[in-house]
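This report describes selected features of one protein model for a reader who is new to structural work. Please keep the sequence and the three-dimensional view at hand while reading.

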Amino acid sequence: MNKNNTILVADDDQEIREILNILLAGEGFDVIVACDGIEAVEKADKNINLIILDVSMPRKSGFIAASEIRKKTFAPILFLTAHSQESDKTMGFSAGGDDYITKPFSNSELLLRVKALLRRYYIYQPQVEMNHSQIQIEDLEVNVDTESVLISGQPIILTHTEYKILELLITHRKKIFSIDNIFASVWGEDAVGDNAVMVHIKNLRKKIEKDNRNPRYIKTAWGKGYYID
């Protein structure tokens with residue numbers, strides 16, 4: 001899985017950049033480094049397979065950099081943060097992140113999260129219960145081959161995780177998925193816990209619903225989970 005995978009590492013701490021470079025290169029990854037958020041945005045492109053962003057960087061924070069990077073690539077984003085508060089995690093997911101790890105972290109934990117994100121990015125395929133790749137519900141169109149989403153013919157930019165949740169629900173219409181079900185299907189055995197699913201659902205609704213308080217597409221089955229009717 002590591003062959004030809006390129007990882008962008010952005011951190012203003014030179015020692016951390018060097019450690020991550022050595023660690024990831026030792027696992028067979030190609031590594032590109034950036035010393036702040038501005039440089040991270042400049043170096044992020046479609047040739048990057050995964051991005052590791054420190055949250056607290058000068059000139060441009062990891063959160064701001066992530067939101068700009070999301071306009072260029074759907075590659076998974078892993079945040080490095082010194083804070084474990086729920087609000088910081090929520091901000092990270094809202095900015096387009098897919099996972100986070102709190103400093104200080106062990107090398108083995110970071111590698112597990114990197115490999116899990118890449119595995120989800122490349123290997124995960126939902127069980128499509130449709131005979132064609134183009135799925136349309138009212139104004140919402142999803143193409144599971146190209147992983148593109150349209151609302152009223154206009155493209156909608158989703159993070160990789162947001163898309164996978166939407167794809168899971170829309171290819172299993174009327175089936176209610178609990179939070180644990182969504183973790184198992186999208187995050188696999190590496191569930192990030194806390195309220196990650198609810199944050200991603202909230203972000204999805206903001207992007208595809210006209211009124212996210214009264215959603216037409218992603219419905220809530222109270223006490224059970226989420227579904228698309």
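In this predicted model, the largest nonpolar core has 51 residues. Those with the most contacts inside this core are Ile-51, Leu-53, Phe-79, Leu-140, Leu-166 and Ile-182. Leaving aside residues up to four places away in sequence, Ile-182 touches Ile-165, Leu-168, Phe-177, Trp-187, Val-197 and Tyr-226. There is also a second, separate core of 18 residues, and among its members are Leu-23, Ile-52, Leu-80 and Ile-101. In soluble globular proteins, nonpolar side chains tend to be buried together.

**An aromatic pair**

How many aromatic pairs does the count come to? The count comes to one aromatic pair. Its members are Phe-63 and Phe-79, whose rings are arranged edge-to-face, with 5.2 Å from centre to centre and 80° between the planes. The arrangement is called edge-to-face because the angle of 80° is over the cut-off of 60 degrees. The pair links distant parts of the chain: Phe-63 belongs to helix H3 (residues 62-69), Phe-79 belongs to strand S4 (residues 77-81), and the two are 16 residues apart. Phe-63 counts as buried because its relative accessibility is 12%, under the cut-off of 20%. Phe-79, at 2% relative accessibility, also counts as buried.

**A sheet and a helix across it**

An open sheet of four strands follows the order S6-S7-S8-S9, and its pairing is antiparallel. Strand S6 (134-137) and strand S9 (154-155) stand at the edges; each has a single partner strand, so one side of each is left without a neighbour in the sheet. Strand S8 (residues 148-151) and S9 run antiparallel and are joined by two bridges. Ile-151 stands opposite Gln-154, a residue of S9.

Helix H6 lies across S6, strand S7 (140-143) and S8, and runs at about 100° to S7. This helix spans residues 160-170 and contains Lys-164. Is Lys-164 buried or exposed? Lys-164 counts as buried, because its relative accessibility is 2%. The side chain of Lys-164 makes a polar contact with the side chain of Glu-147, at 3.2 Å.

**Backbone geometry in the loops**

Most residues other than glycine have a negative phi, and most peptide bonds are trans. Against this background, three places in the loops deserve attention. A cis peptide bond joins Lys-103 and Pro-104, with omega about -10°. Pro-104 is placed in the loop between strand S5 (99-102) and helix H5 (107-122).

Arg-59 and Lys-174 are residues other than glycine with a positive phi. The table sets out their values.

| Residue | Phi | Loop | Relative accessibility |
|---|---|---|---|
| Arg-59 | near 70° | between strand S3 (50-54) and H3 | 63%, exposed |
| Lys-174 | near 75° | between H6 and helix H7 (179-187) | 58%, exposed |

Why does Arg-59 count as exposed? Arg-59 counts as exposed because its relative accessibility is 63%, which is over the cut-off of 50%. Lys-174 is likewise exposed, with a relative accessible area of 58%. The loop that holds Lys-174 begins after H6, the helix in which the buried residue Lys-164 has its place.

Terms used. Residues are numbered from 1 along each chain as its sequence is written. Side-chain values use heavy atoms; hydrogens and water are left out. Buried means under 20% relative accessible area, exposed over 50%, partly exposed in between (1.4 Å probe, protein chains only). A polar contact is a pair of N or O atoms within 3.5 Å; within protein, one must be able to donate a hydrogen and the other to accept it, and residues adjacent in sequence count only if both atoms are side-chain atoms. Two strands pair if DSSP finds at least two bridges between them. Contact means heavy atoms within 4.5 Å. Axes are lines fitted to C-alpha atoms, for helices over the stretch in contact, and angles run from 0 to 180 degrees between N-to-C directions. A nonpolar core is a set of buried Ala, Val, Leu, Ile, Met, Phe, Trp, Tyr and Cys residues joined through side-chain atoms within 4.5 Å. Rings of Phe, Tyr and Trp (its six-membered ring) pair if their centres lie within 6.5 Å; planes under 30 degrees apart count as stacked, over 60 as edge-to-face and the rest as tilted.
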